Amino acid sequence: MSATYPPLSRKLVNIVMLSLTGLCTLLVVSALLTILVYLLWNGAHALNLNFFIKLPAPVGQSGGGVSNAIVGTLKLLALATVSGVPIGLLGGIYLSEFAGGWSAFTVRYTTDLLNGVPSVVMGIFVYTLVVLPMHHFSTLAGGIALGIMMIPIALRSTEDFLRAVPRSLREGGLALGASKSETIFTIVIPAAIYGILTGIMLDVARVAGETAPLLFTAFGNQFNSPGWLQPTASLPVVIYNYAISPYDEWHQQAWAAGFVLLSGLLVVSILARLVLARGKKMSHG
Amino acid sequence: MAHAALTTSGAPNRAGRLGKKQTWLERLRKGDEVVHLITLAGAWSILVITALLVQHLWVYSRLARHAFGWHFLFTSTWDPVNGQFGAWPFVYGTVVTSVLALIIAIPIGLGSAIFLAELAPRKISNALTFLIELLAAVPSVIYGLVGIFLMIPFLTAAMPYIQKVLGWLPIFSGTFYGVSYFTASVVLAIMVIPFIVSISREVLLAVPVSQREAMMALGATKWDVTWRAVVPYARQGIMGSIFLALARALGETMAVTMVIGNVPQVSTSLLAPGYTIAAVIANEFTEATGDLYLHALIELGLVLFAVTMIINALARLLMLTMKAHEVTG
């Protein structure tokens, strides 16, 4: 290449623009790391044993905890998984194994639509669907709101992982005289089970931090919420209420709650990836 | 509820696989159609849920729709005590914060995507992308928390310097109290950047090598190749990622509610406190006294739903044409 081509000006533009893209990446990564480190630092400082085992203390008293919110969040997530995941699984099996034509298109498109519904709108929907007829807020309503939000991801990940199962496996099953449904339940689903589990775990992690849909379904509670039909506290709503309060003790609690919520999410996300890796290892070896 | 009845349908199949294998499989052999119908019911219950969602939003907003018509969107009086509801301050705040967030996020997000797809060694690129995607999973209430205690003090400290340079612009005039359209936009931008980066990077990586080689053979620099051959080829996918980010920004609730100040006013200055549709719903829904008030808030939800649905549909359409383009071209 001759020394004059490309011209110096274009070389200069090249270097400047390429460094700018590097700078952008640096900015994004450092902003995100700052957020993470700041939260973990503040949260770890605010955390103590009382946080996990005590009920919220009145304003001005120290030593309270949010045990009710931790239990509430776990109950909400259990209910959401039970109500949302089965629909997603069935829908995923349908799309991957049975569907074709307009039915598949409609289901897939509607699922994308449902996935794009703003979470606060989902809260309104479940409020009119469950809370208004029952006349009070409840764990049930919150769980259903989160459950509906879980459906699209459960469906799409199930469909994707089932589709990734090689055609030859299905043909092998059918060639041995198994019916289509036998092949699905004894060959295809077991082959994809780690992937499906990963999808569900990531799905749970995604809705665990949802706040807006819980504000007017599960509402909140200063005390433990017995059963499923009472309003319940949850970690995300506690973070919100404490963060916007004017009290310093509550700010500390919000940091601690944020720390617990986020570490929970990250642990589940990483575990999910490990499950997937294990599945891959098993299918290769 | 449709899904209550369906939750049990997975159990017999699993039981059949482990125990009483023969008899259940015998029955299942003739039961392909049964399995088909059960999964079909699961899939279609999604259609039912979505239809119910639309119907409920429509029915439960009827009082406000009948009382105010289209004026609802364009009048500025929000006076629950006297039963006057005009949503303009919220619509304005939602549009301003989302657009400003995109103005901040697009160059930075696209720049990062180009770096990660075209320049960085694949291992580093994968690691950084993993990090960025992991942080996309951070719940919005935590962005709000960090927004209140980190972003607001930071912007309050930096604002005198920004105003010294840009204060003559009407959009940077006035006193800065920390909570503002601007703060909300910055937080939103940070939240949507991971979407733009991760989708745009995928799309850029999918551009065929021949597209790059052809340009490079003409003696172009690396930047020329990227900007004139690769990015234009991927533009539909990139636009798709931007639309998805926009839809997410419009519907974002908690983080915005915590940093925008929640004042129903319309200001030219970006440094003034404001309000958004999602924020007013989150704040006032449980306190809404009277049916008209509740219906007005649900109508806001309906508007938000309709707008995000249209934008999501556009995004999907762009992605679809991108895929068709790949297959045929």
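User: What makes residues 8-46 and 52-284 of chain A domains here?

Analyst: Domain bounds come from an automatic or database domain assignment. In this predicted model, chain A is divided into domain 1 (8-46) and domain 2 (52-284). Their C-alpha centres lie 32 Å apart.

User: What makes those two domains count as touching, and how many residues does each give?

Analyst: Contact means heavy atoms within 4.5 Å, and eight residues from domain 1 of chain A and seven from domain 2 of chain A take part. About 700 Å² is buried between the two domains, with carbon and sulfur atoms giving 87% of that area. On the domain 1 side, A:L39, A:L40 and A:A46 supply 56% of the area buried against domain 2. As for salt bridges between these domains, the count is zero.

User: Why is the pair B:D224 and A:R10 called a salt bridge?

Analyst: The cut-off is a Lys or Arg side-chain nitrogen within 4 Å of an Asp or Glu carboxyl oxygen. The closest N and O atoms of B:D224 and A:R10 are 3.1 Å apart, so the pair fits the rule. The count between chain B and chain A is two salt bridges, and helix α4 (residues 32-59) of chain B gives the most to its side of that interface, with 18 residues.

User: How do you know that helix α8 of chain A isn't straight?

Analyst: Check the span: 29 residues in a straight helix would cover 42 Å, but α8 (residues 180-208) of chain A spans only 36 Å between its end C-alpha atoms. There's also a kink of about 55 degrees in α8(A), centred on A:I193.

How values were computed. Residues are numbered from 1 along each chain as its sequence is written. Chains are lettered from A and ligands numbered from 1 in the order in which they are written. This is a predicted model: local features need pLDDT of at least 70, side-chain atom pairs count only at pLDDT 80 or more; totals for chains, interfaces and linings use all residues. Side-chain values use heavy atoms; hydrogens and water are left out. Helices (H or I, at least four residues) and strands (E, at least two) are DSSP runs, numbered from the N terminus. The expected span of a helix is 1.5 Å times one less than its number of residues. The bend at a residue is the angle between axes fitted to the seven residues ending there and the seven starting there. Buried area is the accessible area (1.4 Å probe) that two parts lose on being put together, summed over both.
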